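Reader: Could you walk me through how to read some features of a fold, starting with empty space in the interior?

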Amino acid sequence: MNELEEMMNRRILIVDDNGDIHGDYQCALNYESDEDPLGELEAALFGEERSAKPCGPRFELVHAHQGQEGVDLLQREAERGRPFSLAFVDMRMPPGWDGLRTIREAWRVDPQLQVVLCTAFSDYSWEQILAATTPGDRLLILKKPFDAVEIRQLALSLTTKWNLGRAADRSQKELESAIEQRTAELRLAKETADRASRSKSEFLANVSHEIRTPLTAIIGFTKLLIDGFDRLSPEERLHYLEIVQSSAEHQLAIINDLLDLSKAEAGRLQIHRAECCPRRIVDETIKTLGRLAAEKKLSLESIWLGRAPESICTDAARLRQLLINLVGNAIKFTSSGGVQVVGQMLEGGGRARLKLDVVDTGIGISAEQQQTIFDPFVQADSSITRQYGGTGLGLAISRSIAQALGGELTVTSRLGAGSTFSAVVDAENPTVDPPTQTSENAPPGLAADLSAASLASRRILVVEDNPFNRKLIKLSLERLGAEIELAENGQAGVDRALAGAFDLILLDMQMPVMDGLTAVKLLREKKYRQPIVALTAHALDEERDRCLAAGCTDFLTKPIDLDHLAAVVGKLLAQPHSAPCRGAESQPAPNACELEESDEFAQLAKEYAASLSEVASRARQAAAERDLACLAAIGHNLKGSGGTFGFAELTEIGGRLERLGAGQEFARVAKVLDELSDIVERLAPGVGLR
Ligand code: ADP
């Protein structure tokens, strides 16, 4: 019997008042054949009784002697999930229902039931029977007396018909439910698409408003300037230009957000993990946004629950971007009270994670709005947020960043009672990027892990044009036991390197006379084999690739983090190829934090700050001569040295000056120089600038 046959329901109900007939049905339907020669032989051999084999499919017969009894049985079995597929019903069954009534009642229970009405035909005419049992496609009439083969044929084909009917019903139902489900899915997809299209339209309206607002200012004030250039006082002109500048910068920020979002949506958000100090990221964020908070008379502070970690492994720049978004929002949506950043390390689950909560006392977000604010293009309440500006991109980008850093960004908030945004990111990850260092990802305290012997008596050549950077690097590496020699440009560096036995060279990339790239290529051509570490104020990946391709062993970005510098130098000198040029002696290794607290460092920083007035006047001179290349070089130098001495704002303004110089944007130079003068005045009190 095949699988299909096994699944067939061959249950047959026999309804007949004559007991003998039930036996006839049994014999006709489940007859057994004795045509089995092998069986016969087997029985003869072993002296067993020969058993007949059942022939064809087996039918399960259930018997009733009255119509009502039969229909009750039908009902009960249907309820038990064991329906009959066929009933043989006698026409005359006194004293109860006759065959026709029985059939009608039976079809009420199972309209699919196949029925054979057994009749002598003389009781009713065919027309009468048809009229009483419409529709007639489930009924056959079997004329008495029966023929056994005829009964078997009827049983086989009618039970099969019932089963096929059931199967057709089932597949129709499955088909209907699949169609229903698919229709529901399509409806949902359409609703989602409609919503997305609505959000995008709202977003486009928003972005267009955001871009148009500053554009109006840019166009308007430029026109005022052009039309009234001769009439306007220099102060008015400067004021108008400042408006144009800040409007353009605002636009740039929006465009950067859009680019970030499109990268995040395409899963192309670049993540560069490295060791970094989360405390520093928090402090710098607070420093950056401090003025904004102060303008609104809000407090802005950070606390750490437990010990703040010295260093974790994550993408510092992305973490900083995330935190700036959250703290920026918190300040934006708070009018009294303040904002607090709460940091803590979460242990458990076998991995360390960093949690940063940004808590504000601002307008809060309703439960309903919390469901959507992380979606791109969504603002909680456009009527409220219109007054605050923004595009609804910040949180979408921030959440993507948190997820890309192995964590999540969530919010708890109550309308009118403030909000807490919690960012959790993975704090350690075995895949650490090669040591590209920025001011943010430099790990304090790493130098303390260095073996004291690693730098003792190692000879290092520092090639750097900025005298303060030169001195500072010398100071910091000498404290770790290294012997330092200095060169102030690429040419001098190459000459010294080839003349003396150095274990390692620290090589600035942008220098007068000969730049670092030319110097490293020259040294490698002359088979110089010791490690050469590039120092550069350009933090781009391409710059790093260029340095490594030219022959540098490693790459450090300015401003120089002294701990990271020591760690990288120590690591390179500890490698087997780097045997000391002279014997090494062990001595304790102070870390850079100690150096930064030392008198020598303070003295050097003071000298550096004092030298800035001269730098500022050189810059003014260059501006007066419209020497943009010189301005770019001064900016580059400030960018590379300021942060090294702890003056992050100098690095920032240096970067701006460099960009303006390189981009030939002379119009904005005056303002940047004014800002530079302010900073210099603050850093070096009493030192005149002009
Ligand atoms: P944007 O600030 O540019 O509108 P975001 O994606 O950063 O975009 O924020 C989305 C929305 O979430 C904001 O428009 C604001 O309605 C709500 N929101 C975000 N941060 C806060 C907060 N700290 N307090 C109240 N509402 C907030």
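Reader: Which element gives the most to the lining of the second largest cavity?

Author: Helix H4 does, with four residues. Before we go on, this is a predicted model, where local features need pLDDT of at least 70 and side-chain atom pairs count only at pLDDT 80 or more, while totals for chains, interfaces and linings use all residues. Residues are numbered from 1 along each chain as its sequence is written, and side-chain values use heavy atoms, with hydrogens and water left out. Helices (H or I, at least four residues) and strands (E, at least two) are DSSP runs, numbered from the N terminus.

Reader: How many cavities of 30 Å³ or more does a search of the whole structure find?

Author: First the idea: rolling a probe the size of a water molecule over the atoms shows where empty space is left. Here a cavity is a set of points, on a 1 Å grid over the protein atoms alone, where a 1.4 Å probe fits but cannot get out, and lining residues have an atom within 4 Å of a point. Points are joined across faces, edges and corners, and the volume is the space filled by probe spheres set on them. Three cavities of 30 Å³ or more turn up, and the second largest holds about 50 Å³. Its lining includes Leu 13, Val 15, Gly 67, Gly 70, Val 71 and Leu 74. Two or more lining residues come from each of strand S1 (11-15), H4 (67-79), strand S5 (86-90) and helix H5 (99-109).

Reader: What classes of residue make up that lining?

Author: There are eight nonpolar, three polar and no charged residues. Nonpolar covers Ala, Val, Leu, Ile, Met, Phe, Trp, Tyr, Cys and Pro; Asp, Glu, Lys and Arg are charged; the others, Gly among them, are polar.

Reader: Now the sheets. What is the order of the five strands in the open sheet with parallel pairing?

Author: Strands of a sheet pair through backbone hydrogen bonds, either parallel or antiparallel. Two strands count as paired if DSSP finds at least two bridges between them. In this sheet the order is S16-S15-S17-S18-S19. S16 and strand S19 (554-557) are the edges, each having a single partner strand, so one side of each has no neighbour in the sheet. From one strand to the next the twist averages 20°; axes are lines fitted to C-alpha atoms, for helices over the stretch in contact, and angles run from 0 to 180 degrees between N-to-C directions.

Reader: Which residues are the bridge partners of Ile 460 in S16 and in S17?

Author: Ile 460 has Ile 484 as its partner in S16 and Leu 504 in S17. Strand S15 (459-463) is joined to S16 (483-487) by five bridges, and to S17 (504-508) by four. Helix H19 (562-574) packs on this sheet, touching S15, S17, strand S18 (532-536) and S19, and its direction makes about 175° with that of S19. Contact here means heavy atoms within 4.5 Å.

Reader: What about the five-strand sheet with mixed pairing?

Author: That open sheet runs S9-S11-S12-S14-S13. Strands S9 (299-305) and S13 (408-414) are at its edges with a single partner each, so each is left with one side lacking a neighbour in the sheet. Seven bridges pair S13 with S14 (418-426) in the antiparallel sense, and the partner of Thr 410 in S14 is Ser 422. Helix H10 (316-332) packs on the sheet against S9, S11, S12, S13 and S14, at about 20° to S12.

Reader: Where should I look for unusual backbone values?

Author: Most residues other than glycine have a negative phi, and most peptide bonds are trans. Here, Pro 94 and Pro 95 are joined by a cis bond with omega about 10°, and Pro 95 sits in the loop between S5 and H5. The bond from Lys 144 to Pro 145 is also cis, with omega near -5°. Val 513 has a positive phi, near 65°, in the loop between S17 and helix H17 (516-525).

Methods. 1 Å grid on protein atoms, 1.4 Å probe; cavity = no way out; pocket = protein on both sides within 12 Å on 5 of 7 lines; lining within 4 Å.
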